[in-house]
Amino acid sequence: MVELISRDELQLAIDSGTVTVIDALGGMYYEQQHLPKALPLVEADVAAQASSLLPDKNAAIVTYCSNESCPNSQSVANRLAAAGYTNVRKYREGIQDWVEAGLPIESGAFVNA
């Protein structure tokens, strides 16, 4: 079972640079808005892209999607855990909660530098 992370814990981890945040919505949803420094990764792309986006299997990773009823973050978290990632958590409340709390978001397409 993937552990949960609270909004406050996630905000601290993002601010301190100690977490890689994964947007499990991807596509136009990612381009419209995503959490700061989040990387887009949908369930269908985990096998093909995880190793290049997430080279450290022991790094802190948090997945999120739109809200509590969205299954994408859990699906991506489960795939990552099955692929050997050891420190994956889920922000269950998602970007809806983040935005409603007035926290900063980013927009635009992902550019893999």
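Two strands count as paired here if DSSP finds at least two bridges between them. On that basis, this predicted model has an open sheet of five strands in the order β1-β5-β4-β2-β3, with parallel pairing. β1 and β3 stand at the edges with a single partner strand each, so one side of each has no neighbour in the sheet. Here's a quick tour, from the sheet to the helices and then to a buried serine and the cysteines.

**The sheet, strand by strand**

- Let's start at the β1 edge: β1 (residues 3-4) runs parallel to β5 (residues 88-91), and two bridges join them. Leu 4 has Lys 90 as its bridge partner in β5.
- Next along, β5 is joined to β4 (residues 61-64) by four bridges, again in parallel. Lys 90 turns up here too, standing opposite Thr 63.
- β4 also pairs with β2 (residues 20-23), in the parallel sense and over four bridges. Ile 22 has Thr 63 as its bridge partner in β4, while Val 21 is matched with Val 62.
- At the other edge, two bridges join β2 to β3, and these strands run parallel as well. Asp 23 has Pro 40 as its bridge partner in β3.
- As general background, strands of a sheet pair through backbone hydrogen bonds, either parallel or antiparallel.

**How helices link and cover the strands**

- β2, helix α2 (residues 27-32) and β3 form a right-handed β-α-β unit.
- β4, α4 and β5 make another unit of this kind, also right-handed.
- Helix α1 (residues 7-16) lies across β2, β4 and β5, and its direction is at about 120° to β5.

**Helix α3 and its two sides**

- Which residues of helix α3 (residues 46-53) are buried? They are Val 46, Ala 50 and Leu 53.
- Why do these buried residues share a side of α3? Because they cover an arc of only 85° around the axis, they sit on the same side of the helix.
- That buried set packs against β3 (39-40) and α4.
- Turn to the face pointing away from the buried side, and you'll find the exposed residues Ala 47, Ala 48, Ser 51 and Ser 52.

**Ser 73, a buried serine**

- Ser 73 belongs to helix α4 (residues 72-82).
- Is Ser 73 buried or exposed? Its relative accessibility is 1%, and the cut-off for buried is under 20%, so Ser 73 counts as buried.
- Leaving aside residues up to four places away in sequence, Ser 73 touches Ala 24, Thr 63, Tyr 64, Cys 65 and Lys 90.
- Two of those contacts are familiar from the sheet: Thr 63 and Lys 90 are the residues that stand opposite each other across β4 and β5.

**Cysteines**

- How many disulfides does the structure hold? The count is zero.
- Cys 65, one of the residues that Ser 73 touches, has a relative accessible area of 1% and is buried.
- Cys 70 comes in at 13% relative accessibility, which is under the 20% cut-off, so Cys 70 counts as buried too.

Technical notes:
Residues are numbered from 1 along each chain as its sequence is written. This is a predicted model: local features need pLDDT of at least 70, side-chain atom pairs count only at pLDDT 80 or more; totals for chains, interfaces and linings use all residues. Side-chain values use heavy atoms; hydrogens and water are left out. Buried means under 20% relative accessible area, exposed over 50%, partly exposed in between (1.4 Å probe, protein chains only). Contact means heavy atoms within 4.5 Å. The arc is that of the directions from the helix axis to the C-beta atoms. A crossover is right-handed if, with the strands pointing away from the viewer, the path from the first strand over the helix to the second runs clockwise. Axes are lines fitted to C-alpha atoms, for helices over the stretch in contact, and angles run from 0 to 180 degrees between N-to-C directions. A disulfide is a pair of cysteine sulfur atoms within 2.5 Å.
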